[in-house]
Amino acid sequence: MVADNGKKSKVAERGEEDSDHVDGELVLSIEKLQEIQDELEKVNEEASDKVLEVEQKYNEIRRPVYVKRNEIIQSIPDFWLTAFLSHPALSDLLTEEDQKIFKYLVSLDVEDCQDLKSGYSIIFNFSPNPYFEDIKLVKTYSFTEEGVTNITGTTIKWKEGMDIANGNGHEKKGNKRPFAEESFFSWFGETQQKNFSDGVTDEVAEIIKEDLWPNPLKYFNNEADEEDFDGDEDDEENFGLPFLGHLQDSKYFMGSEDDEDGEQDDDDEDDDEDDS
Amino acid sequence: MVADNGKKSKVAERGEEDSDHVDGELVLSIEKLQEIQDELEKVNEEASDKVLEVEQKYNEIRRPVYVKRNEIIQSIPDFWLTAFLSHPALSDLLTEEDQKIFKYLVSLDVEDCQDLKSGYSIIFNFSPNPYFEDIKLVKTYSFTEEGVTNITGTTIKWKEGMDIANGNGHEKKGNKRPFAEESFFSWFGETQQKNFSDGVTDEVAEIIKEDLWPNPLKYFNNEADEEDFDGDEDDEEGSEDDEDGEQDDDDEDDDEDDS
């Protein structure tokens with residue numbers, strides 16, 4: 001086959017064979033590369049699982065500490081109310097009416113699902129009160145595999161005329177009473193499904209879970225510091241914590257001015273002792 | 001002492017004592033609460049340390065796999081160039097001139113500091129080329145305890161007239177040549193210190209480290225898929241499917257139509 005056609009055909013064929021050969025090597029390399037990527041993916045999944053295990057373990061360790069903490073908090077009147085009001089973001093969420101309701105707030109709890117992955121709940125425990133029948137208001141976040149977050153919240157059983165979350169219990173807009181802000185308690189009714197791609201699911205929940213819950217004392221202390229220097233028991237801004245005015249001696253109120261001798265037991269500073 | 005003053009004083013004193021008593025309890029509770037918070041902080045630090053240990057361990061496991069991967073990539077021509085051009089964000093960063101330089105790119109490497117906390121480097125390895133003397137261009141990110149990120153980058157030793165990162169090697173603006181886009185290589189010179197509070201330190205670095213580096217093949221394949229179905233070796237944009245879609249099938253080649 002020496003005719004041009006034949007030769008060209010042979011060259012073309014050989015070119016194709018070479019080309020096949022190169023293509024074949026290329027395909028092989030890409031296949032091997034895919035295997036490596038599969039191997040990496042397995043390693044990454046294993047790493048994620050191990051990290052989750054560590055987080056689950058430490059969550060278990062923290063649980064009893066939170067229980068202990070809650071017991072101590074019971075002996076600090078209006079602890080959570082004060083902490084809320086001292087938090088830069090959360091304080092803006094409480095109307096005057098809300099603050100009155102928070103006087104009945106016994107405790108706050110944030111509970112993760114055991115596996116951590118599936119979600120968590122934020123629980124507000126109340127003592128019997130004139131506002132609603134419930135003693136427990138809960139908001140729950142459930143994460144699905146597909147990246148969807150299902151949110152459920154207690155439907156509050158408001159007592160007659162007390163439903164401030166829905167416009168009752170105070171005079172309607174247009175009247176002089178300025179209850180223009182939305183009640184914090186409407187948060188329990190905000191339960192639309194969210195997608196992971198929506199970004200932050202629920203800012204209030206995130207703030208309570210990630211910021212307030214881990215260390216509420218640091219916020220509580222800020223408030224207490226301000227009141228330390230307020231010697232007047234009757235000042236309403238004490239929010240029912242009249243005795244804090246006497247606690248400026250305490251070394252635990254960080255940022256407060258040092259007493260001359262800085263001792264807790266020293267009563268010499270008390271105004272009441274000035275017998276006139 | 002039955003005079004009013006005295007009584008009042010006594011009541012006042014008793015009031016203070018009660019008040020002190022209550023205050024004392026309160027102070028005690030707050031003290032105990034602080035202890036609990038300190039305990040929690042210790043637990044949290046331990047948790048963070050353990051998580052970091054896990055991540056460090058798996059980083060060690062991944063290293064040799066990345067080395068193996070790099071060897072395989074050597075037998076795929078223009079792998080990183082193709083992957084870059086297939087990445088939705090990175091493709092926009094390469095000028096035509098950059099793409100010519102990337103033909104000399106031998107490998108890419110992302111190396112974490114051993115402890116992971118201190119930072120990482122992104123390394124571009126080149127073969128000898130007409131553009132610059134270097135065979136290795138590196139950009140390094142170092143994290144300090146105070147939340148500051150120090151960035152260092154190779155000062156590229158451009159060859160005569162080739163410094164496209166700084167406006168040479170192509171005609172200046174105002175001429176007809178449309179090299180208006182900034183060269184990717186100027187990225188190596190962007191080394192101001194950043195603070196953690198500034199947010200994202202360096203988007204290009206983040207994309208390379210977190211997105212491209214873990215799995216560049218998925219981007220390469222997008223591009224390669226387009227070329228798979230191009231039966232004509234000379235066609236630069238082939239994206240139509242061949243009738244049978246097989247790579248080894250030469251029946252579709254135009255060259256075979258002997259007329």
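**Exercise 1. A helix with two sides**

Which residues are buried in helix α4 (residues 203–212) of chain A? Describe how the buried residues are arranged around the helix axis.

*Solution.* The model is predicted, so local features need pLDDT of at least 70 and side-chain atom pairs count only at pLDDT 80 or more, while totals for chains, interfaces and linings use all residues. Residues are numbered from 1 along each chain as its sequence is written, chains are lettered from A and ligands numbered from 1 in the order in which they are written, and side-chain values use heavy atoms, with hydrogens and water left out.

Step 1. Fix the terms. Buried means under 20% relative accessible area, exposed means over 50%, and partly exposed lies in between (1.4 Å probe, protein chains only). Helices (H or I, at least four residues) and strands (E, at least two) are DSSP runs, numbered from the N terminus.

Step 2. List the residues. V204(A), A205(A), I208(A), K209(A) and L212(A) are buried in α4 of chain A.

Step 3. Consider their directions. These residues cover an arc of only 125 degrees around the axis, and therefore lie on the same side of α4(A). The arc is that of the directions from the helix axis to the C-beta atoms. An α-helix has 3.6 residues a turn, so residues three or four places apart point the same way.

Step 4. Turn to the other side of α4(A), where E203(A) and E210(A) are exposed.

Step 5. Return to K209(A). The charged end of K209(A) sits over the ring of Y120(A), at 4.8 Å from the ring centre. The criterion is that NZ of Lys or CZ of Arg is within 6 Å of the ring centre and within 35 degrees of the ring normal. In chain B, R69(B) lies over the face of W213(B), 4.6 Å from the ring centre.

**Exercise 2. The elements of the two chains**

State how many helices and strands chain A and chain B contain, and in what order the elements follow.

*Solution.*

Step 1. Chain A has 5 helices and 5 strands, in the pattern α-α-α-β-β-β-β-β-α-α.

Step 2. Chain B likewise has 5 helices and 5 strands, which run α-α-α-β-β-β-β-β-α-α from the N terminus on.

Step 3. Examine burial. Of the 276 residues of chain A, 39% count as buried; of the 259 residues of chain B, 37% do.

Step 4. Examine contacts (heavy atoms within 4.5 Å). In chain A, 53% of the contacts with a separation of 6 or more join residues 24 or more positions apart.

**Exercise 3. Aromatic pairs**

Classify the pair F79(A) and W80(A), then explain what the pair F102(A) and F124(A) ties together.

*Solution.*

Step 1. State the rule. Rings of Phe, Tyr and Trp (its six-membered ring) pair if their centres lie within 6.5 Å; planes under 30 degrees apart count as stacked, over 60 as edge-to-face and the rest as tilted. By this rule there are 52 aromatic pairs over all chains.

Step 2. F79(A) and W80(A) are 5.2 Å apart centre to centre, with 85 degrees between the planes, and the pair is edge-to-face. Both residues, F79(A) and W80(A), are buried.

Step 3. F102(A) and F124(A) also form an edge-to-face pair, with 6.2 Å between centres and 65 degrees between planes. Because F102(A) lies in helix α3 (residues 96–102) and F124(A) in strand β2 (residues 119–126) of chain A, the pair ties together parts 22 residues apart in sequence.

Step 4. Check burial: F102(A) has a relative accessible area of 1% and is buried, and F124(A) is buried at 0%.

Step 5. Ring pairs place F102(A) and F124(A) in a cluster whose members include F84(A), F126(A) and W158(A).

**Exercise 4. A leucine in a helix of chain B**

Locate L33(B) and name its contacts.

*Solution.*

Step 1. L33(B) is in helix α1 (residues 4–74) of chain B and is buried, at 0% relative accessibility.

Step 2. Leaving aside neighbours within four places in sequence, L33(B) is in contact with R69(A), I72(A), I73(A), I76(A), F79(A) and L217(A).

Step 3. Consult the record. An unreviewed UniProt entry places the feature "coiled-coil region" at residues 26–57 of chain B; positions are given in the numbering used here, feature names are shortened, and annotations may be inferred rather than shown by experiment. In the model, residues 26–57 of chain B are 100% helix and 0% strand, with the end C-alpha atoms 47 Å apart.
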